[in-house]
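Here is a short briefing to read with the model open beside you. It goes through the ligand site, then the empty spaces, then a couple of backbone details.

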Amino acid sequence: MSAVRVALAGAGAIGEIVARDTYPGAAVELVAVVDPDQKRAEAVAKYSGARAFGELKDALDEVDAVDVRVPHHLHAQVALTAIEHGKHVLVEKPIATTLDDARRIVDAARSAGVVLAVAENYPHLQAVQQARALLADGVIGRTLAVRSTRAYQLDGVWRRDWREGTGPAGGILLDQGTHQVSLIRQLAGSVSAVSAVGSHETLSLTLRLDSGIVAQSLLTWQSPGTWDQSEATLYGDAGRLDVVVDYEQHQGGYALWTPDRTERLGNENYYDSHASIVNDWAAAIQESRDPLVIGEEGLEDLAVVIAAADSLQADGAFIDVRRQQ
Ligand SMILES: NC(=O)c1ccc[n+]([C@@H]2O[C@H](COP(=O)([O-])OP(=O)(O)OC[C@H]3O[C@@H](n4cnc5c(N)ncnc54)[C@H](O)[C@@H]3O)[C@@H](O)[C@H]2O)c1
């Protein structure tokens, strides 16, 4: 079977990282790079000898699939254009900025029979997969509580007006909250209600989980942090498990502690997971199957952060995540 031909929409910070580091070794062919900023499109296209375009519609005839790496408020527009033209889609997190748009994307992809994958990293991280296996083996006994923390300083190429603003695309909830909700759901199951206090840049969440496990999440991009953080800790009645995520080097993995066993394993960099995301998407297209992170999963993560945003406006009141589903 011939390789899936991909257009990358969005040649910004992450677009450049995946074009430079992920696509050259991936099981797809990056043939087009689209960005209204022609210089960015051309610079990023050079990594793979792809053609540069200013608009997605001009690239569509040349591709089977579109990888959407544009600002949050443009995810729906770009993804829907691709799906309407029968193209498979990989869309960055959050899948969209509203539940209506997210549902529109999910429904359109199912009706068109194209593969829709969400570029949500946590289910692809070895650290998370290893932690899930240890939990399933009962290594820390019965899980009682989970806490997640994403604390770092927003800087460098990640500082963008659209990301930092208070508009519909902005704030840490949409940017990192969806990741942390995905992480918590991977480790402890679905979220039924959420309470949030703080600001759009630093906040804490208390989550009610269907499993009854107690859950908290702290998010800030205003505090400089170490590059290898314990992003989640699971507290069991027989031990403790940390999920370590490393953004700069290769020490991501897990740390396990029980009264008679201590273990620290890991050799992963966070950005390695983009290869797994792209290769899984490509395989799903070739094999006509669902990818690991389907649109419905992206929708579930988004529903939690939208409920959290409503809670912020309601002085931390618990908001039912499924009220609009
Ligand atoms: N999963 C991850 O690890 C990860 C990491 C960083 C960013 N992201 C996500 O990737 C997306 C992009 O983030 P970024 O930091 O690269 O943003 P960015 O602002 O650096 O880049 C976005 C690019 O999209 C371009 N663009 C705007 N409209 C377009 C259109 N209609 N068609 C094609 N290109 C268009 C812009 O000109 C810009 O170059 C966001 O959804 C973000 O949340 C994910």
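How many residues surround the ligand, and which are the closest? In this predicted model, 27 residues surround the ligand, and Asp 35, His 72, His 75, Asn 121 and Tyr 270 are the closest of them. Beyond the ligand site, there is one cavity of 30 Å³ or more to look at, and the second largest pocket offers about 320 Å³ of space.

**Polar contacts with the ligand**

- His 75 places a polar side-chain atom 2.7 Å from an oxygen atom of the ligand.
- Tyr 270 also faces a ligand oxygen atom, with a polar side-chain atom at 2.8 Å.
- For Asn 121, the partner is a nitrogen atom of the ligand, which lies 2.8 Å from a polar side-chain atom of this residue.
- On its own the ligand has 850 Å² of accessible area, and the protein covers 88% of that.

**The shell around the ligand**

- Sorted by class, the shell holds 13 nonpolar residues, along with seven polar and seven charged ones.
- Four helices each supply at least two residues of this shell: H1 (13–22), H4 (75–84), H7 (161–164) and H8 (172–188).
- Both domain 1 (4–121 + 274–293) and domain 2 (124–268 + 304–320) take part, each giving at least three residues to the shell around the ligand.

**The second largest pocket**

- This pocket is lined by 16 residues, and those nearest its centre are Gly 167, Gly 170, Leu 173, Leu 174 and Ala 309.
- Two elements, H8 and helix H10 (295–313), give two or more residues to the lining.
- H10 gives the most, with six residues.
- By class, the lining of the second largest pocket splits into eight nonpolar, seven polar and one charged.
- H8 is worth colouring in your viewer, as this helix supplies at least two residues of the ligand shell and also gives two or more to the lining of this pocket.

**The largest cavity**

- The volume of the largest cavity is about 40 Å³.
- Its lining is made up of Lys 93, Pro 94, Ile 95, Val 118, Glu 120, Thr 178, Gly 298 and Asp 301.
- Three of these lining residues are nonpolar, two are polar and three are charged.

**Backbone details**

- Which kind of peptide bond joins Lys 93 and Pro 94? The bond is cis, with omega at about -15 degrees.
- Lys 93 and Pro 94 also appear in the lining of the largest cavity.
- Pro 94 sits in the loop between strand E5 (88–92) and helix H5 (99–112).
- Ser 288 is not a glycine, yet this residue has a positive phi of about 50 degrees.
- You will find Ser 288 in the loop that runs between helix H9 (273–287) and H10.

Key: Residues are numbered from 1 along each chain as its sequence is written. This is a predicted model: local features need pLDDT of at least 70, side-chain atom pairs count only at pLDDT 80 or more; totals for chains, interfaces and linings use all residues. Side-chain values use heavy atoms; hydrogens and water are left out. On a 1 Å grid over the protein atoms alone, a cavity is a set of points where a 1.4 Å probe fits but cannot get out, and a pocket is an open set with protein on both sides within 12 Å along at least five of seven lines; lining residues have an atom within 4 Å of a point. Grid points are joined across faces, edges and corners, and a volume is the space filled by probe spheres set on the points. Ala, Val, Leu, Ile, Met, Phe, Trp, Tyr, Cys and Pro count as nonpolar, Asp, Glu, Lys and Arg as charged, and the others, Gly among them, as polar. A residue is near a molecule or strand if one of its heavy atoms lies within 4 Å of it. A polar contact is a pair of N or O atoms within 3.5 Å; within protein, one must be able to donate a hydrogen and the other to accept it, and residues adjacent in sequence count only if both atoms are side-chain atoms. Accessible areas come from the Shrake-Rupley method with a 1.4 Å probe; for residues, only the protein chains shown count as cover. Domain bounds come from an automatic or database domain assignment.
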